[in-house]
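Please open the model in a viewer and keep the sequence panel visible. The tour proceeds from the whole chain to single residues.

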Amino acid sequence: MVTRRLDKLGQVRQFRATIEERVEELQSGMANGCRFCGKEFSMDNLRDLTLDHDVPLEKLGEDLIDNIVCACRRCNSRKGSKKTGAEFLTQLEMEAAA
Ligand SMILES: [Zn+2]
C-alpha cells in the first residue's frame, strides 16, 4: 500500500484520489470489503463505500493512507470519530455474542 502524507489543504483532493484508487482496485477485483462487517463492494454499491480513519484523528491517528480503511456507510457512522477500528470490532463481536 502506498504511504502518502496528506497535507491540510490537499486533504480533500487526496481523499478523492484514494477513492479513485479504490475504484481501480474494485475494477481489477483487488479491493477488500468493509473492514468491519465484511460487506463487499462492487461497482453497483460504490456509493456505500466510505473511507475511514482506523485510528481517529481525535486519538492522534495519522492522516496517512496506511491509517485509512474501507468501511460501509453504516459501519462508518456507527464507529463515529472516537473509536479505533479495533475498539469498534470488539463492540461488534460483543453485540454478535449477546
Ligand atoms: Zn460495514
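Begin with the whole protein chain: of its 98 residues, 16% are buried, where buried means that 20 or more other C-beta atoms, placed from the backbone, lie within 10 Å of the residue's own. This is a predicted model, in which local features need pLDDT of at least 70, side-chain atom pairs count only at pLDDT 80 or more, and totals for chains, interfaces and linings use all residues. Residues are numbered from 1 along each chain as its sequence is written.

Next, colour by secondary structure. The protein chain has 3 helices and 2 strands, in the order α-β-β-α-α from the N terminus; these are DSSP runs (helices H or I, at least four residues; strands E, at least two).

Now select Cys34, Phe36, Phe41, Leu49, Cys70, Ala71, Cys72, Cys75 and Phe88, the 9 residues of the largest nonpolar core. Such a core is a set of buried Ala, Val, Leu, Ile, Met, Phe, Trp, Tyr and Cys residues joined through C-beta atoms within 7 Å. Strand E2 (residues 68-72) supplies the largest share of this core, 3 residues.

Centre on phenylalanine 36, in the loop between helix H1 (11-27) and strand E1 (49-53). Why does phenylalanine 36 count as buried? Phenylalanine 36 does so because it has 21 C-beta neighbours inside 10 Å. Beyond four places in sequence, its contacts (C-beta atoms within 7 Å) are Ala71, Cys75, Lys79, Phe88, Leu89 and Leu92. A distance label between the C-alpha atoms of phenylalanine 36 and leucine 89, 53 residues apart along the chain, should read 6.3 Å.

Finally, select alanine 71, whose contacts beyond four places in sequence include Cys34, Phe36 and Thr50.

How values were computed:
Buried ≥ 20, exposed ≤ 12 C-beta atoms within 10 Å, placed from the backbone. Contact = placed C-beta atoms within 7 Å.
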